[in-house]
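Here is a short round of questions on packing in one protein chain. Look through the model first, then read on.

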Amino acid sequence: MFDSILIPTDGGKATAGAIEHGLRIAEKTGATVHALYVIDTPQLQVGNADEGLSTLVDLLETEGQRATAAVAERGRERGIDVTEAMTSGLPFREILDYAEEHDIDGISMGTGHRGRIERHFVGSTARKVNRLARVPVLTVRAGDDVPTPEYENVLLAVDGTQGSERAIEVCAALAAAYDAFVHVVYVVDSRIARSGSLAELMESEGNEACADAVSRVRSAGGDARRELLRGRPAEQLLDYAEEHDIDLLSMGTHGRTGIDRFVMGSVAETVIRRSETPVLTVRDLGEE
C-alpha cells in the first residue's frame with residue numbers, strides 16, 4: 001500500500017498535523033518518509049531587490065534544513081527512516097515532481113494557513129496537489145489542536161464509478177492496518193433526483209456500490225457498514241463525519257462528471273476546504 005510517504009513541511013503550525021499523521025501512517029505500514037522543504041522562488045522574486053534576494057534565500061535554506069531535520073528527528077524516535085530534501089521553484093509543481101521522481105506512494109499535506117514571509121506553501125498549493133497528484137493525498141487542516149492520528153472510524157465515500165475504485169482499495173488497506181471501522185457512504189444528490197425513476201435508479205446504484213465496497217473492506221481484513229444518504233453530497237458527508245466521530249474521510253477525486261457523478265471532483269474539493277477531519281483523496285487515473 002504505502003512503501004514511501006512524502007511530507008512537505010514549512011517548519012510551522014500549518015504542516016504540524018500533516019507531519020504527525022504522515023509519520024503515524026509510516027509506522028502502521030512500514031513506509032519510509034521523505035521530508036521536503038520547497039523554497040518558493042517565484043513568490044520571493046516579487047518585491048525583493050536582487051541584492052536582498054540572496055540573503056533571503058540563505059535564511060530560507062537554513063529554515064528548510066531545520067524543518068526537515070525536525071521531521072527526521074521525530075521519525076528516528078519512532079524507528080522510521082526519513083530522507084531530508086530541499087528544492088526551489090513553484091511549490092505544488094516541486095511536490096508533484098519529487099513524488100514522481102522518487103516513486104512516492106502517498107503525500108501528507110497541511111492546509112489552511114500561510115507560512116512565514118507570506119509563503120503560499122499550503123492552501124492553494126494543497127488544492128493543486130490534490131487535483132494533480134497521481135498518488136493518494138492526505139490533507140490535514142492546520143490548527144491549534146492536531147487531529148488524532150489514530151483512525152478508529154473511517155468514512156469511505158463511494159459513487160459507483162471507476163473513479164472510486166482506487167479509493168476503495170486504498171481505504172480498505174489503510175483501515176486494516178489501523179483496525180478501523182469503515183462507514184461506506186453513498187449520497188443521492190437531492191438536487192437532481194428528488195423522486196421518481198431517476199431517484200430509484202440512483203438509490204439502486206448506491207446500494208450496489210456500497211455493498212461492493214463493504215465486501216472489499218471485509219476481504220482486506222476490516223469491518224464495515226453501509227449508509228445511503230440523500231441531500232447535497234458535501235454537506236451530507238461532513239454532517240455524517242461529525243455525527244459519527246469520524247477520524248478520516250476517504251474519497252476518490254477527478255472522476256467522470258455527469259448527472260449521477262457527484263461524490264468525485266468538486267465535492268471532494270469542498271470537503272477538503274471545510275472538513276476539520278483529515279481527508280484522504282485518491283485520484284482516478286483512468287482519465288489520463
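**Helix 5 and the cores**

Q: Which residues of helix 5 (residues 124-132) are buried?
A: The model is predicted, so local features need pLDDT of at least 70 and side-chain atom pairs 80 or more, while totals for chains, interfaces and linings use all residues. Numbering runs from 1 along each chain as its sequence is written, and side-chain values use heavy atoms, without hydrogens and water. Buried means under 20% relative accessible area (1.4 Å probe, protein chains only). In helix 5, a DSSP run of H or I with at least four residues, the buried residues are Thr 125, Ala 126, Val 129 and Asn 130.

Q: Why do the buried residues of helix 5 lie on the same side?
A: Take the directions from the helix axis to the C-beta atoms. For these residues they span an arc of only 135 degrees, which puts them on the same side of helix 5.

Q: Which residues have the most contacts inside the largest nonpolar core?
A: Such a core joins buried Ala, Val, Leu, Ile, Met, Phe, Trp, Tyr and Cys through side-chain atoms within 4.5 Å. The largest has 45 residues; those with the most contacts inside it are Leu 156, Val 158, Val 182 and Val 184.

Q: Which helix gives this core its largest share?
A: The share is eight residues. The helix spans residues 165-178 and is helix 6.

Q: At what distance from the ring centre of Tyr 178 does Lys 28 lie?
A: A charge counts as over a ring if NZ of Lys or CZ of Arg is within 6 Å of the centre and within 35 degrees of the ring normal. Lys 28 lies over the face of Tyr 178, at 5.3 Å.

Methods:
Buried means under 20% relative accessible area, exposed over 50%, partly exposed in between (1.4 Å probe, protein chains only). Helices (H or I, at least four residues) and strands (E, at least two) are DSSP runs, numbered from the N terminus.
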